[in-house]
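Here is a short set of exercises to work through with the structure open beside you. Try each task before you read its solution.

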Amino acid sequence: MKLSGGVEWALHCCVVLTTATDPVPAARLAELHDVSASYLAKQLQALSRTGLVTSVQGKAGGYVLTRAPELISVLDVVVAVDGGRPAFVCTEIRRRGPLATPRESCTRPCAISRAMADADAAWRGALRAISVADLARSVDEDNGTGALAGIRTWLTGQSDGDAAVPAG
């Protein structure tokens with residue numbers, strides 16, 4: 001299964017939002033990640049439509065997580081951005097061609113369909129088991145001690161113009 005690039009951006013934004021004490025404007029998130037604000041806005045809208053983030057209006061507005069990051073799974077974000085369709089859709093090839101299996105003989109999915117469904121379920125289970133909080137805990141480990149704190153400081157505008165901060 002190929003995921004859209006929007007999934008990666010949405011996950012990074014969710015991780016960053018775990019550090020925020022105030023709403024974070026989409027433009028600020030886009031700047032942090034060096035991505036087009038309009039592109040990132042689409043991912044944030046997808047997260048908002050599914051209730052993972054909410055948009056706070058006004059001068060101090062922006063995006064916030066709607067629940068604790070421990071309660072948002074990677075799968076939640078994948079489904080919000082790319083939808084919940086399975087990676088494989090069986091088209092019942094066995095019922096085609098000169099040796100087609102009659103419809104009434106197809107009482108259960110074929111072995112290929114079952115294998116693909118099992119793989120999809122395992123993949124979804126693995127993503128369901130990882131929370132945004134789990135990802136956030138890995139930021140300092142992956143990017144150096146203090147990286148997440150640096151992101152938090154940068155988001156508040158206290159270090160504008162400083163060296164780039166790893167983006168979670």
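A residue counts as exposed when its relative accessible area is over 50%, as buried when that area is under 20%, and as partly exposed in between. Keep in mind that the model is a predicted one.

**Exercise 1. Two positive phi angles**

Find where Asp34 and Glu92 lie, and decide for each whether it is buried or exposed.

Solution.
- Step 1: Start with Asp34, which sits in the loop that joins α2 to α3.
- Step 2: Its backbone deserves a look, since Asp34 is not a glycine and yet has a positive phi of about 55 degrees.
- Step 3: The relative accessibility of Asp34 is 71%, so Asp34 is exposed; the cut-off to pass is 50%.
- Step 4: Turn to Glu92, in the loop between α4 and α5. Glu92 is a residue other than glycine too, with a positive phi near 55 degrees.
- Step 5: Glu92 has a relative accessibility of 19% and therefore counts as buried.

**Exercise 2. The faces of α3**

Compare the end-to-end span of helix α3 with the expected one, then work out which residues are buried and how they are arranged around the axis.

Solution.
- Step 1: Helix α3 covers residues 37–49, which makes 13 residues. The expected span is 1.5 Å times one less than the number of residues, so 18 Å should separate the ends, and the end C-alpha atoms are indeed 18 Å apart.
- Step 2: The buried residues of α3 are Leu40, Gln43, Leu44, Ala46 and Leu47.
- Step 3: Looking down the axis of α3, these buried residues fall within an arc of 155 degrees, so they line one face of the helix. The spacing makes sense, because an α-helix has 3.6 residues a turn and residues three or four places apart point the same way.
- Step 4: On the face turned away from the buried side are the exposed residues Ser38, Lys42 and Arg49.
- Step 5: The cover over the buried residues of α3 includes helices α1 (5–17), α2 (26–33) and α4 (74–82), along with strands β1 (53–56) and β2 (62–65).
- Step 6: Follow the chain just past α3 and you reach Gly51, with a positive phi of about 80 degrees.

**Exercise 3. How α2 packs against α1 and α7**

Describe the geometry of each helix pair and name the residues that meet.

Solution.
- Step 1: The axes of α1 and α2 come within 11 Å and cross at roughly 110 degrees. That angle makes α1 roughly perpendicular to α2, as it falls in the range of 65 to 115 degrees.
- Step 2: From α1, Trp9, His12, Cys13, Val16 and Leu17 meet Leu29, Leu32 and His33 of α2.
- Step 3: Now take α2 with helix α7 (residues 147–155), where the axes are 11 Å apart and the packing angle is about 135 degrees. The two helices are therefore oblique to each other, and their crossing is right-handed.
- Step 4: Here Arg28, Glu31 and Leu32 in α2 meet Ile151, Trp154 and Leu155 in α7.
- Step 5: Check the burial in α7: Ala147, Leu148, Ile151, Trp154 and Leu155 are its buried residues. They fall within an arc of 120 degrees when seen down the axis, so they line one face of α7.
- Step 6: These buried residues of α7 pack against α1, α2 and α6 (132–143). After α7 comes Gly157, with a positive phi near 85 degrees.

**Exercise 4. Two residues of α5**

Decide whether Arg124 and Met116 are buried or partly exposed, and list what Arg124 touches.

Solution.
- Step 1: Arg124 belongs to helix α5 (residues 111–128). Its relative accessibility is 12%, so Arg124 counts as buried.
- Step 2: Leaving out residues up to four places away in sequence, Arg124 touches Leu75, Val79, Gly84, Arg85 and Pro86.
- Step 3: Met116 is also found in α5. With 39% relative accessibility, Met116 is partly exposed.
- Step 4: For a distance check, Met116 and Ser131 are 15 residues apart in sequence, and their C-alpha atoms are 25 Å apart in space.

Technical notes:
Residues are numbered from 1 along each chain as its sequence is written. This is a predicted model: local features need pLDDT of at least 70, side-chain atom pairs count only at pLDDT 80 or more; totals for chains, interfaces and linings use all residues. Side-chain values use heavy atoms; hydrogens and water are left out. Helices (H or I, at least four residues) and strands (E, at least two) are DSSP runs, numbered from the N terminus. Buried means under 20% relative accessible area, exposed over 50%, partly exposed in between (1.4 Å probe, protein chains only). Contact means heavy atoms within 4.5 Å. The arc is that of the directions from the helix axis to the C-beta atoms. Axes are lines fitted to C-alpha atoms, for helices over the stretch in contact, and angles run from 0 to 180 degrees between N-to-C directions. Angles under 35 degrees count as roughly parallel, over 145 as roughly antiparallel, 65 to 115 as roughly perpendicular and the rest as oblique. A crossing is left-handed if the near helix is turned anticlockwise from the far one by less than a right angle, and right-handed if clockwise.
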